[in-house]
Amino acid sequence: IYNGSAWVDVIDIDTLTVSGGNYTVTGTMTFGSSGSGVDVTFHSATGGDYMMWDASEEKLILEGTNGATVLDVTDGNVVIGDGTLTVGSDGAGEDVTFYSDTAGDSMVWDSSAEKLTITGTDGQTALDVPDGNVTITDKLTVSGGVEAPLQINAQTGTTYTFVLADA
């Protein structure tokens with residue numbers, strides 16, 4: 001752009017609308033400045049779906065279509081260096097699935113059933129607590145048998161209290 005005395009490669013305008021064509025940017029694009037960020041929005045071909053950096057909230061918002069994938073990391077890692085991973089919100093949970101390297105094995109939190117299901121391979125350990133305590137404040141149901149060196153410590157009606165016995 002010629003500014004009257006020299007050619008410069010800076011455009012300083014408030015609004016730029018490009019209505020068609022393909023554009024390639026080979027340099028660095030900077031939006032805002034340190035301490036003075038701006039919102040940046042990318043729209044999809046579906047109305048209401050977008051990706052936005054909200055500068056005032058300091059967060060990236062991905063708004064997609066219910067049931068469709070809004071973020072797909074096809075290779076590489078997702079790292080949370082500092083902070084907490086939260087799925088859903090209090091009273092509005094979401095399902096979460098973790099898969100293993102073995103087909104059919106998974107750990108699933110089903111928010112509507114309020115249940116964590118661990119599906120492993122027969123004969124393999126699906127849950128291992130190498131140290132610490134496991135506390136069940138409600139009821140424990142076991143089907144398939146129990147393998148542990150236990151002895152009955154107390155019995156009240158049909159309620160039994162067990163302690164570890166010598167192996």
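User: In the hairpin of β4 and β5, which residue takes a positive phi near 90°?
Analyst: This is a predicted model, in which local features need pLDDT of at least 70 and side-chain atom pairs count only at pLDDT 80 or more, while totals for chains, interfaces and linings use all residues. Residues are numbered from 1 along each chain as its sequence is written, and side-chain values use heavy atoms, with hydrogens and water left out. The hairpin of β4 and β5 has six residues between the strands, where strands (E, at least two residues) and helices (H or I, at least four) are DSSP runs numbered from the N terminus. The residue with a positive phi near 90° in this hairpin is Gly-104.

User: Over how many bridges do β4 and β5 pair?
Analyst: Two strands are said to pair if DSSP finds at least two bridges between them. One of the partnerships between β4 and β5 joins Tyr-99 to Ser-106, the latter lying in β5. These strands pair in the antiparallel sense, and the number of bridges is four.

User: Why is one side of β4 and of β6 left without a neighbour in the sheet?
Analyst: The open sheet of three strands runs in the order β4-β5-β6, with antiparallel pairing. Because β4 (96–99) and β6 (115–119) stand at the edges, one side of each lacks a neighbour in the sheet, and each has a single partner strand.

User: Which residue in β6 stands opposite Val-108?
Analyst: Strand β5, residues 106–110, pairs with β6 in the antiparallel sense over five bridges. These two strands form a hairpin with four residues between them, and Glu-114 in the turn has a positive phi of about 55°. While Trp-109 stands opposite Leu-116 in β6, the residue opposite Val-108 is Thr-117.

User: How is Phe-98 classed by its relative accessibility?
Analyst: Phe-98 has its place in strand β4 and, leaving aside neighbours within four places in sequence, is in contact (heavy atoms within 4.5 Å) with Asp-105, Ser-106 and Met-107. Buried means under 20% relative accessible area and exposed over 50%, with partly exposed in between, using a 1.4 Å probe and protein chains only. Since its relative accessibility is 48%, Phe-98 counts as partly exposed.

User: By what angle are neighbouring strands of the sheet β1-β2-β3 turned against each other on average?
Analyst: Here three strands form an open sheet with antiparallel pairing in the order β1-β2-β3, and the edge strands are β1 (40–43) and β3 (59–63), each of which pairs on one side only. Angles run from 0 to 180 degrees between N-to-C directions, and axes are lines fitted to C-alpha atoms, for helices over the stretch in contact. With direction ignored, the average turn between neighbouring strands of this sheet is 10°.

User: How far from Asp-54 is the nearest side chain of opposite charge?
Analyst: Asp-54 has its place in strand β2, residues 50–54, and is buried yet has no salt bridge, which would be a side-chain nitrogen of Lys or Arg within 4 Å of a carboxyl oxygen of Asp or Glu. In assigning charge, Lys and Arg count as positive and Asp and Glu as negative, whereas His and the chain ends are not counted. The nearest side chain of opposite charge belongs to Lys-59, and its distance from Asp-54 is 6.5 Å.
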